[in-house]
Structures are given as C-alpha cells and as structure tokens.
Amino acid sequence: MHPALVAGIWVGALLVSSAGGWFVTRLVLRLASRSRDAGRRRGGHGPVLLERLSVSDGPEGEGAQIVLRGGTWIGVLERLAVTGSLLVGVPEGVAVVVAVKGLGRYPELRENPGASERFVIGTLASLLWSAVVGLAVARLLL
C-alpha cells in the first residue's frame, strides 16, 4: 500500500476516534443517566463546585460535570493516544493512558465520590471506542 494512503488512513482513524468518541461517550452518559440508580439533580452551583459532591446527581448531573471539568479535552487526547498506540503496534500505551488519567483524577474522585460514576462510564466508553477504531484500522492495514 502506498505510504501516502497509509498516512491518510491513519489521520482518518485518529479523526474518527477523537470526534466519534465524543458522540459515543455523550450517548452512553445520557443513556446511563436514565437508569433508576443514576442519582438526583442538584442545582444552584456556579462554574466551580466548592463543597464536596457526596451525593451522586448522575453521570449527566451538574455536580459531576463541574467536578470533572476539562473532561472533553482529556477525552479527545485519551482517544488520540489510545488509537495512535494501537496503530503503531504498542498496546502498552493504553495502560499508560489509563494510569495517567486515573492518577490525575484521583484527588477529585476521592473528594467527590458522586463524580466517580461519570468518570468511570465516560472513560470506559471512550476507551472502548478508541480501541475498536485502532484495532479495526490496524487490522485493515495488515
């Protein structure tokens, strides 16, 4: 296969992984918020949650979104790293991404257990999407 075509396929895979993963993650979080155990809505918060979020308001709840601010960009970078590491044949990179993300969010999750539901659901949806895209394209290029 021509190297330019391979490079184009890689770029396409990274775009599908990062942009498509945003839609997949949003859909999964929305579906999860409809479950009976998703928690209750809370209101009256500003852009930063100053008190602990000890009661879950669900994965789509305002409290979880405030605590896990920056999650959209972290998710895009996570999907790029996971898909990229699978494309270059270094699946160990996925473990590094998971470790960095988990350790980076640990203080926020420890202080706000209500936000951990959103973190786990969003991370799993994002990782699954990016791994499927990376593995499918790697298989296509064999």
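Select helix α1, residues 3-33, together with helix α5, residues 116-140. In this predicted model, the axes of α1 and α5 come within 8 Å and cross at roughly 150 degrees. An angle over 145 degrees counts as roughly antiparallel, so α1 and α5 are roughly antiparallel to each other. Their crossing is right-handed.

Next, show the side chains where the two helices meet. On the α1 side, the residues include Ile9, Ala13, Val16, Val24, Val28 and Leu29. Gly20 and Gly21 of α1 also take part. On the α5 side, look for Ile121, Gly122, Ala125, Trp129, Val133 and Leu140, among others. Colour the contact by residue class: 13 of its residues are nonpolar, seven are polar and two are charged.

Keep α5 on screen and add helix α3, residues 71-87. The axes of α3 and α5 are 8 Å apart, and the angle between these helices is about 30 degrees. Angles under 35 degrees count as roughly parallel, which means that α3 is roughly parallel to α5. This crossing, too, is right-handed.

Which residues of α3 make the contact with α5? They are Gly75, Glu78, Arg79, Val82, Thr83, Leu86 and Leu87. From α5 come residues including Thr123, Leu127, Trp129, Ala131, Gly134 and Ala138. By class, the contact of α3 with α5 has ten nonpolar, six polar and two charged residues.

Now pick leucine 86, which lies in helix α3. Is leucine 86 buried or exposed? Its relative accessible area is 12%, and under 20% counts as buried, so leucine 86 is buried. Show what surrounds this residue, leaving aside its neighbours within four places in sequence: leucine 86 is in contact with Pro91, Val94, Ser130, Ala131, Gly134, Leu135 and Ala138. Draw a distance from leucine 86 to alanine 138, C-alpha to C-alpha: the two are 7.2 Å apart in space, though 52 residues apart in sequence.

For the last stop, stay on α3 and select glutamate 78. What does glutamate 78 form with lysine 101? The two form a salt bridge, with their closest N and O atoms 2.5 Å apart. The structure holds one salt bridge. Add helix α4, residues 92-111, to see where lysine 101 sits. Glutamate 78 and lysine 101 are 23 residues apart, and the pair links distant parts of the chain. Switch on the surface here: both glutamate 78 and lysine 101 are buried.

Key: Residues numbered from 1 in each chain as written. Predicted model: local features only at pLDDT ≥ 70, side-chain atom pairs only at ≥ 80, totals over all residues. Heavy atoms only, no water. Axes fitted to C-alpha atoms, helices over the stretch in contact; angles between N-to-C directions. Helix = DSSP H or I, 4+ residues; strand = E, 2+ residues; numbered from the N terminus. Parallel < 35°, antiparallel > 145°, perpendicular 65-115°, else oblique. Left-handed = near helix turned anticlockwise from the far one by under 90°. Contact = heavy atoms within 4.5 Å. Nonpolar A, V, L, I, M, F, W, Y, C, P; charged D, E, K, R; others polar. Salt bridge = Lys/Arg side-chain N within 4 Å of Asp/Glu carboxyl O. Buried < 20%, exposed > 50% of the residue type's maximum accessible area, 1.4 Å probe, protein only.
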